[in-house]
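Trainee: Could you take me through one part of this predicted model in close detail, and then set that part against the rest of the chain?

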Amino acid sequence: MKAEDMVMVIENRKGQETNSLLTFDDFIKQHIVPFANDKLEAVFMARELMDIRSKKIDSWADWYHSANQSFYARICANSQEISYFLCGTFNDDKNFRFDEDISSKECLEELRSRGMTTDGKHTVGQYSYQELGRDLAVGEILHNFNGCDYKLLERFSEHNLLLMDISSGQFLVGIDTRLYLRQPKFAPEKQEGEGETGIEWGHGLYLSNMPSVIDFARLKREYSKPYQIEGREFDIEIREILSRVENIKADTLGDAIDKAMEMYERSEVVLNADDYKGVDYIPVKHTQR
């Protein structure tokens, strides 16, 4: 099963929201067939959901079962969107819950195979990685295991690549970029060569999304050499990633960000081990001694 085969569902009963993940078939059985007045209405309801995905609209289909019961649905776009959904990014109710009992068994198994929990966290050591040796072509669209897709604009060297985020248009240099086949360690009946293909880089240099402010010539000079420096001692930054989604009421997105900053600075929001999302190992400088 792919992330794009899952339907994200938010059910609202008197302001209390319950999330679930369903296959398309289960979604039809649970939320369309019981409430559609006839077959034609059922077709229109299903078509609305498919249109949102095909047109890549950033919205949700919504229906009302009764005065106090409604639900919102959207077909997942990628792995990153699953994480956002499980963390409650799309919920108005801060005390929402995820209901495994009404979720499709196939979706829950896919989460486990991806090393994901139903609260949006990742377990450690769920994947095995096999490096693939093929050359990457300029113009190729490459998937990253963070859920984003990147276009390869230029190869500064074999493994130092100039990339552009397809969704945001942001440029970056992927340093020591490798192509891997990722497979869940504990997936049943794992076949050789079967899994998710994607790139990972040792360090990312994140740039603007405006080409006019980027010195591409300097980047090419700096990163045209392979990312291999000999020596016996190196400085490596170990950066632990902590992340939490806070539901903030505000008139605008800017006001919400300002409130989040104030809450953090006043220690009203304190991140801890429960908010762990991952770790990066970043070369700070290379000093040959």
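Mentor: Take the pairing of the strands as the starting point: I10 stands opposite N19 in β2, and this is one position in an antiparallel pairing of β1 and β2 that extends over eight bridges. The two strands form a hairpin with two residues between them, and K14, which lies in the loop between β1 and β2, has a positive phi of about 50° although it is not a glycine. Most residues other than glycine have a negative phi, which is the reason for pausing at this turn. K14 also counts as exposed, because its relative accessibility is 70% and the exposed class begins over 50%. Bear in mind throughout that the model is predicted, and that local features are described here where pLDDT is at least 70.

On its other side, β1 pairs with β4, again in the antiparallel sense, over seven bridges, and in that pairing R13 stands opposite Q69 in β4. Strand β2, which spans residues 16–23, is in turn joined to β5 by two bridges, and here the strands run parallel; T18 has R97 as its bridge partner in β5. Put together, these pairings belong to an open sheet of five strands in the order β3-β4-β1-β2-β5, with mixed pairing. The edge strands of the sheet are β3 and β5, the latter covering residues 97–98, and each of them pairs on one side only. Seven of the eight residues of β1 are buried, so this strand is largely enclosed by the rest of the structure.

Two helices can be placed directly against these strands. Helix α3, residues 79–87, lies across β1, β2, β4 and β5, and runs at about 20° to β1. Helix α4, residues 105–113, lies across β1, β2 and β5, and runs at about 90° to β2.

The packing of side chains adds a further layer to the picture. In soluble globular proteins, nonpolar side chains tend to be buried together. The largest nonpolar core here has 17 residues, and those with the most contacts inside it are V7, V9, F27, I32, L49, W63 and A73. At least two residues of this core are supplied by each of β1 (6–13), α1 (24–32), α2 (39–54), β3 (61–66) and β4 (69–75), while the largest share, five residues, comes from α2. If residues up to four places away in sequence are set aside, L49 touches V7, F24, F27, A61, A73, R74 and I75. A second, separate core has 15 residues, including A3, C76, F98 and C107.

A histidine in this region also deserves a careful look. H31 lies in helix α1, and it counts as buried because its relative accessibility of 5% falls under the 20% limit for that class. Leaving out residues up to four places away in sequence, H31 touches V9, E11, L22, M45, H65 and F71.

Outside the sheet described above, a second residue can be set beside K14 for its backbone angle. D176 is found in strand β10, residues 171–184, and its phi is near 60°, a positive value in a residue other than glycine. With a relative accessible area of 21%, D176 counts as partly exposed, because that class runs between the 20% limit for buried residues and the 50% limit for exposed ones.

For the chain as a whole, the secondary structure comes to six helices and 13 strands, and 36% of the 289 residues count as buried. Among contacts between residues at least 6 apart in sequence, 59% join residues at least 24 apart. The accessible surface comes to about 17900 Å², of which 49% belongs to carbon and sulfur atoms. The structure holds zero disulfides; as for individual cysteines, C87 counts as partly exposed at 24% relative accessibility, and C148 counts as partly exposed at 22%.

Conventions:
Residues numbered from 1 in each chain as written. Predicted model: local features only at pLDDT ≥ 70, side-chain atom pairs only at ≥ 80, totals over all residues. Heavy atoms only, no water. Helix = DSSP H or I, 4+ residues; strand = E, 2+ residues; numbered from the N terminus. Buried < 20%, exposed > 50% of the residue type's maximum accessible area, 1.4 Å probe, protein only. Contact = heavy atoms within 4.5 Å. Areas by Shrake-Rupley, 256 points an atom, 1.4 Å probe, with all protein chains shown as cover. Disulfide = S-S within 2.5 Å. Core = buried A, V, L, I, M, F, W, Y, C linked by side-chain atoms within 4.5 Å. Pairing = 2+ DSSP bridges. Axes fitted to C-alpha atoms, helices over the stretch in contact; angles between N-to-C directions.
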